[in-house]
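Biologist: I am new to this structure and would like to learn how to read it, feature by feature. Could we begin with the ligand and its surroundings?

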Amino acid sequence: MTRLIIISNRVAVPKARGAAGAQGGLAGALNSALKDNGGIWFGWSGQESEDPAGSINLQRHEGVTTATIDLPARDVEEYYNGYANSTLWPLFHYRLDLTEYERETGRGYERVNQRFADAVAPLIEPDDLVWVHDYHLIPLGERLRAQGVNNRIGFFLHIPWPPTRLFVSLPFHERLVRTLLEYDLIGFQTDEWRGSFLHYCSKELNAEVDEEAGTISFEGRSVIARTYPIGIDWDHFQAQGNRGESRNAHQRLLSSTRERTAMIGVDRLDYSKGLPERIDGIGRFFDQHPERVRDLVFIQIAPPSREDVKSYQDIRMMLEQKTGQINGARSEVDVVPIRYVNRGYSHAELFGFFRGSKIGLVTPLRDGMNLVAKEYVAAQDPNDPGVLILSRFAGAAEQLGLDGTGAVLVNPYSPDDISDAILQALDMPLDERKARYEAMIATIRDDNVQAWTRCFCADLTATR
Ligand code: ADQ
């Protein structure tokens, strides 16, 4: 049987007890694919050390082997905080205003990709399928080829691919795309991101592109680019909903909001998630409908992330300020309209919070997919479902709302749009809520993360 080699920036090392069963989402799905096929998950340990030999730490738990390396502090700064999170992340989320272009961090990025290739190449056997994940590791396929790895190698981009006019602002943009064309299969979350990539290949590289089949022919090589919308781990998530922890969270939420409607947002604290813009939309709603301040409690759960990067420190401050302003202006002794919680919760607790909230507010300015939108719907009571308000700029909108039947779609930059959607959701009759829920639930249940893994691996196997 063909083994699977998964390579990503970080590795979800299964806990000694509980292993894959205790973790859901992408990590759980990749772990079970590894269990079924055998193989290795390789990546950075998350630790810094100055060991120049870069020794590999191999661990085996319940049939899954993980292999990790530490990185020197300078590599972490230049590759991870620098090029990956201060150049590629903002640029790929259309934020030219936040994108830093530093040659030095670009070199760090290339150096770490070389380190990864040097460390993982000896672990790869001739028939293995190799699957590289995300924007941290775009050049890795090319580096592996240079080491003589002739295996089928696939790449999946979890974030958007920006339009050509934005992408060409990246120095050495052509070099980066040429490295991508060394893969056999490139996966995108949506047709829109895939379309932007194909557009670049045809306009800037003069490659021969077959839009429909997604084939790109360039300098004698042929590469396939397809769309694989990622899903949630449905079974695992439903199982979380049946736990006592989830029921407790549900009860806590209901008893603290009582006759008010709870509206929830759950996001990593990241500028791509549109948090300040969301708060402005809620502020607009209160301005336009002051008589309804007592009807609504907004709960925003946002654990900090990437705290070493300045733009992340800025977004946190801005959010605290805006929340404070609205609460200052609108609170009564018994009413605080916005609860802002700066921490993470388990999936079981999130399930309970989602179920107790009659509105889910998911308004990223740009997002590869957005799994929170799918989790919110998956947690609803089919007989009395809540309403999902979703940004039209989230990848998830392609599946959940663009035909107008599922989520209520909004432009996340428009406070008026958000305010109108909140009013619509608050007053939406049960029949319409059920119809919208029905329009979304089948794809969320069936196009799950296991199906996504199977489709990608089957297509990769079929290349060549
Ligand atoms: P993220 O940007 O991290 O992922 P998203 O897909 O929404 O975005 O969330 C990933 C997971 O984090 C979800 O399972 C969610 O429940 C969890 N999470 C978020 N906030 C949390 C909190 N406060 N407490 C606990 N858990 C929390 C990137 C891309 C996305 C893409 C995914 C997967 O940016 O567009 O959907 O990868 O490909």
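Modeller: In this predicted model, a polar side-chain atom of Asp367 lies 2.5 Å from an oxygen atom of the ligand, and a polar side-chain atom of Lys273 lies 3.0 Å from a ligand oxygen atom. The backbone takes part as well, for a polar backbone atom of Gly368 is 3.1 Å from an oxygen atom of the ligand. On its own the ligand has 720 Å² of accessible area, and the protein covers 83% of that.

Biologist: How many residues surround the ligand, and which are the closest?

Modeller: The ligand is surrounded by 22 residues, and the closest are His158, Pro303, Asp367, Met369 and Glu375. Sorted by character, the shell around the ligand holds 10 nonpolar, 6 polar and 6 charged residues.

Biologist: Which helix supplies the largest share of that shell?

Modeller: The largest share comes from α13, which gives 3 residues. Both α12 (347-355) and α13 (371-378) supply at least two residues of the shell.

Biologist: Where does the ligand lie with respect to the domains?

Modeller: The ligand lies between domain 1 (4-231 + 449-462) and domain 2 (234-446), because both of them give residues to the shell around it.

Biologist: Let us turn to the strands. How should I read one strand among its partners?

Modeller: A general idea helps at the start: in a regular strand the side chains alternate between the two faces of the sheet. As for the case here, strand β4 (residues 64-71) pairs with strand β2 (residues 39-48) in the parallel sense over 6 bridges, and Ile40 stands opposite Thr65 in β4. Strand β3 (residues 57-61) runs antiparallel to β4, and 5 bridges join the two, with Gln59 opposite Thr66 in β4.

Biologist: How many residues lie between β3 and β4 in their hairpin?

Modeller: There are 2 residues between them, and Glu62 in the turn has a positive phi of about 45°.

Biologist: Is strand β4 mostly covered or mostly uncovered?

Modeller: Strand β4 is mostly covered, since 7 of its 8 residues are buried.

Biologist: Finally, is Arg433 buried or exposed?

Modeller: The general idea is to compare the relative accessible area with a cut-off, and buried means under 20%. Arg433 has a relative accessible area of 14%, so this residue is buried. Arg433 is found in helix α16 (residues 430-446), and a polar atom of the Arg433 side chain lies 3.3 Å from the backbone oxygen of Met428.

Terms used. Residues numbered from 1 in each chain as written. Predicted model: local features only at pLDDT ≥ 70, side-chain atom pairs only at ≥ 80, totals over all residues. Heavy atoms only, no water. Buried < 20%, exposed > 50% of the residue type's maximum accessible area, 1.4 Å probe, protein only. Helix = DSSP H or I, 4+ residues; strand = E, 2+ residues; numbered from the N terminus. Pairing = 2+ DSSP bridges. Near = heavy atom within 4 Å. Polar contact = N/O pair within 3.5 Å; in protein donor to acceptor, adjacent residues only side chain to side chain. Areas by Shrake-Rupley, 256 points an atom, 1.4 Å probe, with all protein chains shown as cover. Nonpolar A, V, L, I, M, F, W, Y, C, P; charged D, E, K, R; others polar. Domains from an automatic or database assignment.
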